[in-house]
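Good morning, colleagues. My topic today is the pockets of one protein, and I would ask you to keep the structure in view while I speak.

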Amino acid sequence: MNRLFTRDTQAIFWNNNKTAIQRMLDYDYVIGREKPSVAGIVAPTSSNKFEKFFYGPDEIMVPLYKSTADAVKEQPQADVLLNFASFRTAYDVTMEALDIDGQFRVIMITAEGIPERLARKMNQYARDKGVTIIGPATVGAIAPGAFKIANIGGTIENIIKSKLHRAGSCGLVTRSGGLFNELANIIALNADGIAEGVAIGGDRYVGSTFIDNLLRMEKNPDVKYMVLLGEVGGTEEYKVIEAVKSGKITKPIIAWCIGTIAKHFSSGVQFGHAGASANAERETAEAKNKAMAEAGIHVPKSFNDLPAEINGLYKQLKAEGVIGEIKEPEVRTIPKHRRPKHFICTISDDRGEEATYAGYPISSVALPETGKTIGDVISLLWFKKVYPRWAVDFIETVIKTVADHGPAVSGAHNAKVTARAGKSVVESLVTGLLTIGPRFGGAIDGAAKYFKYAHDNNMTPAEFLSYMKKQGIPIPGIGHRIKSLKNPDLRVKGLMDFAAKNFPATPLLDYAREVEALTTSKKENLILNVDGTIGILMVDMWRALGYSEEEINEFIESGTLNAFFILGRTIGFIGHVLDEKRLAMPMYRHPWDDILYDVQKAEEI
């Protein structure tokens, strides 16, 4: 790829460095990118699912992941990794990313001081994989008007001043991140800005060297000439000289090696970066500047003369027609005051002409002529998906099946008693709903959880029964007080018949039927009951719809299954409340003869 980044480039950001990420997103907004440059954040120690960031005046949510593997699974389009791990873990993070074949084109490493032995091994591994490493010990790189890494370029104000908001004509390569920003500003003042820039990093062994980046820029049609800022120490500049001599690089290069003062010191003195130490005559800045000039590279007399050298070459190339005029793009302004939102809604929006359910106008699902049902609305508002008809119909069947089970169950009883106390429909309904939990309705959640666990772990029915016995937990979804093999529950039969006719497959139900065969051999009423059937078939439904096992487990743990019971039973509770109101029933008092009184005289102390 001749261009390091494009306007479509997206990155995985390793380590939740909020300031650096916000600067990237601010840059995205200013240059008018259609999608944020940060696709996801790897934050191994965070329990959050996302992080909020500003995108101009508004906020966006960037997903968080526990590992790089998790991130790329969900964001396969992100081909850049921004490794902000500490020097203790940066090597491991990079090697893990390199092992994800074909995912990352570019990996940037900010950490300084990775042991040289590991750095050399890591860099060679990346070369073998065809991955460009920027760093270690770098602020990154930028393709103006397309993509910028983290803090490179500084503040938005400095970015605009340095013309880094849109592409210029120069390819800039430096070791130093601080001097990169200074050079970008100098190029903006004396030419038309840069087309691509890389700070390769200050450690002695970096992943992509001067020659690597200049050879790419040689092929980049946006780059018309290049500026190289080297420094005392190392011999990488000589590779550039050889490339110029051999004709591999034909575009004009302006170059300067800083550190000429080093000749006044004894050898071995380090100037700033780990690599800025001359251990031989040819590693001195003076020797390298002389050699580059002899090769035909534009080398100023001093760093102070660098601006004039840039201006002169720029004017020459413009006069020759190599560089054309640049149309200045519209620049969006970041608001000075931005207020974070306190609530987040991802299921509905009431701000337009018509409110929507998961992006669908209400009229498109609510009106009779649409053919949509309550099941369709649930699939949109609960799962943000458009379910196929068989799944929608199953949801409807579940809701109708659990709507009521008579006045004697605890929830209905509570609602009726409250209604007879003169309370409103809402107050009476709530008292009934509050009884739903582990002992009332909770078997749906439990059945899904435990049967799925047994099935996932390849337990035989006998092993499952033994496992539950050791846990001291009755098997949720198994057993009924009245119904048995001889007196089957028609609700269960109806659900199973529906699944057999409409579901693509029912592996968990098939497994549960094997368990039922074992439990009923011991006692006739230890059948798969309606709660168990619903919970198990919900798992089969989600599997058939393509949900991952992790997503299904999350549904179970969050109480989603119980929510179907709550929704269905709400219909019945309201019916009982309205029945009490309609009959004008008086205040309820429980009869004495239905209470076992065992009141002992209190002991005096």
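Please bear in mind that this is a predicted model. I begin with the character of the lining of the largest pocket: its residues divide into 13 nonpolar, eight polar and ten charged.

The volume of this largest pocket is about 1500 Å³. Its lining comprises 31 residues, and those closest to the centre are Lys49, Tyr65, Glu74, Glu551 and Glu554.

Which elements supply at least two residues each to this lining? They are strand E4 (58–65), helix H2 (68–74), helix H12 (374–383) and helix H21 (549–557). Of the contributors, E4 gives the most, namely five residues.

I turn now to the second largest pocket, which holds about 860 Å³ of space. Four helices each give two or more residues to its lining: H13 (389–402), H16 (443–456), H20 (530–544) and H22 (560–583). Here H16 gives the most, with three residues.

Which residues lie nearest the centre of this second pocket? From a lining of 27 residues, they are His405, Arg439, Gly479, Asn529 and Asp531. By class, the lining of the second largest pocket has ten polar residues, nine nonpolar and eight charged.

To recapitulate, strand E4 is the leading contributor to the lining of the largest pocket, whereas helix H16 takes that place in the second largest. Thank you for your attention.

How values were computed. Residues numbered from 1 in each chain as written. Predicted model: local features only at pLDDT ≥ 70, side-chain atom pairs only at ≥ 80, totals over all residues. Heavy atoms only, no water. 1 Å grid on protein atoms, 1.4 Å probe; cavity = no way out; pocket = protein on both sides within 12 Å on 5 of 7 lines; lining within 4 Å. Points joined across faces, edges and corners; volume = space filled by probe spheres on them. Nonpolar A, V, L, I, M, F, W, Y, C, P; charged D, E, K, R; others polar.
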